[in-house]
Amino acid sequence: MTPVGVLVSGRGSNLAALIDRTRLPACPFTITCVLSDNPAAGALTLARDAGIPAFVHEKLPGQKKREFERELVERLRAHGVRVVALAGFMRILGETLLSAFPGRVLNIHPSLLPAFPGLHAQEQAHAAGVRYAGCTVHLVDAGTDTGPILDQACFRVPEGLTPEALSRRILEHEHRLYPETLARFCRRELALVEGRVRTWLPPAPLRPVWEVFSATHFAREAPPDPVPGRGHVAVSACLCGFPCRYDGEGRFLPRLIDGLTQADVLPVCPEVLAGLGVPRPRIQFDDAPGPASDQAPVIRDEHGVEVTAGLLAAVDRVADWCVEQGVRFAFLKENSPSCGTLRVPCRGQRVPGPGPLASRLAKVGVRVFTEEDFDLGLIALGTSWTPTAEGRGQTPSRERGKDENSL
Ligand code: GRF
């Protein structure tokens, strides 16, 4: 569940649409605070009526933009915000706020960008006599409505539509587009890759695995029944190619999938489960969680916010699933603190030792492999599994396993 902070200046009809979305089942975001630079904004009342903490954050006369934004960032962070949604916020954001939430500030604009940026977009569109109008949700950069476009909605403008009616029609589209785009963003279906927004869809053979991941990690349903007699194999979601800071391309997937089938894979990611944001943050240990240490490490995100409790709770939950599912093998991402594995970043250095999930799984008898020793893992799988009635094809690695049983 991604904590979202909403910045407003006015009536708040888009805020209302976002709040409504959080009331639907399986909403991947929650609104933890609303901040307005305008004390008279109707949006503040709307938020408070919905039980959401709402604050006025005015820019004081003579106050530097940097200072104003620094305080804004502090307030957002105090509410655990990972993604910022602008909903009629009438200020151009600067470096201070944007760098605090890199690639994680969204805005809704009432035109089909890049046409008609800036103020009074609806009037501009009407004056230009457009035949199609609409709205855009985009990531915010330092320009005015110039950031990468996440999604748009458009409609044909009927003859003779007044400017007011055009504005109303656009607004209706905004109220549908913004909540859905924010939800997709929080489910990581929209990712920024090299400055462009990519609508992420897993490769076709992996769609069922993606469904499992979405259901278990976003909607928090129980995983499906494992393959009879065999159980699931836990695989880090990032290794399955799901968008993530470490390996969104799923570089290792072909090798893995060669030795597994979709039905075997139980994709796991404690960081997603702990709702640590989009894209997920860099996580650092304060203390080395070496194999000999039973002490829970202190884990912080890139902003220095401690996330230990939520993350370790998610690790426990993932490990419990693995036990329930009879998982005996896990393929985890190396150097990913909560998932893996053999080396973890600690005080700027790599230290040997498994991360929390690897330690936890090892305790319950699960064998953990990383990309360094996938082959070994596949060999182990090949020699341990009972063949199914359908008779899966023997992969080269499984064949090799026959000769390397002693590994
Ligand atoms: C909307 O038209 C939105 O596109 C623009 O500001 C307006 C905010 O309206 N960025 P509301 O406060 O959400 O009703």
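The following exchange concerns the ligand site and one buried residue of a predicted model.

Author: In this predicted model, local features need pLDDT of at least 70 and side-chain atom pairs count only at pLDDT 80 or more, whereas totals for chains, interfaces and linings use all residues. Residues are numbered from 1 along each chain as its sequence is written, and side-chain values use heavy atoms, with hydrogens and water left out.

Reader: Why is Ser9 called buried?

Author: Buried means under 20% relative accessible area, exposed over 50%, and partly exposed in between (1.4 Å probe, protein chains only). Ser9 has a relative accessible area of 9%, and is therefore buried. Ser9 is found in the loop between β1 (2-8) and α1.

Reader: What makes the pair Ser9 and Asp37 a polar contact?

Author: A polar contact is a pair of N or O atoms within 3.5 Å; within protein, one must be able to donate a hydrogen and the other to accept it, and residues adjacent in sequence count only if both atoms are side-chain atoms. The side chains of Ser9 and Asp37 are joined by such a contact, at 2.8 Å.

Reader: Which side chains have an N or O atom 2.5 Å from an oxygen atom of the ligand?

Author: Arg11 has such a side-chain atom, and so does Ser13. In Asn14, a backbone N or O atom lies 2.8 Å from a ligand oxygen atom.

Reader: How are the residues of the shell around the ligand divided by class?

Author: Ala, Val, Leu, Ile, Met, Phe, Trp, Tyr, Cys and Pro count as nonpolar, Asp, Glu, Lys and Arg as charged, and the others, Gly among them, as polar. The shell has 2 nonpolar, 6 polar and 2 charged residues.

Methods. Helix = DSSP H or I, 4+ residues; strand = E, 2+ residues; numbered from the N terminus.
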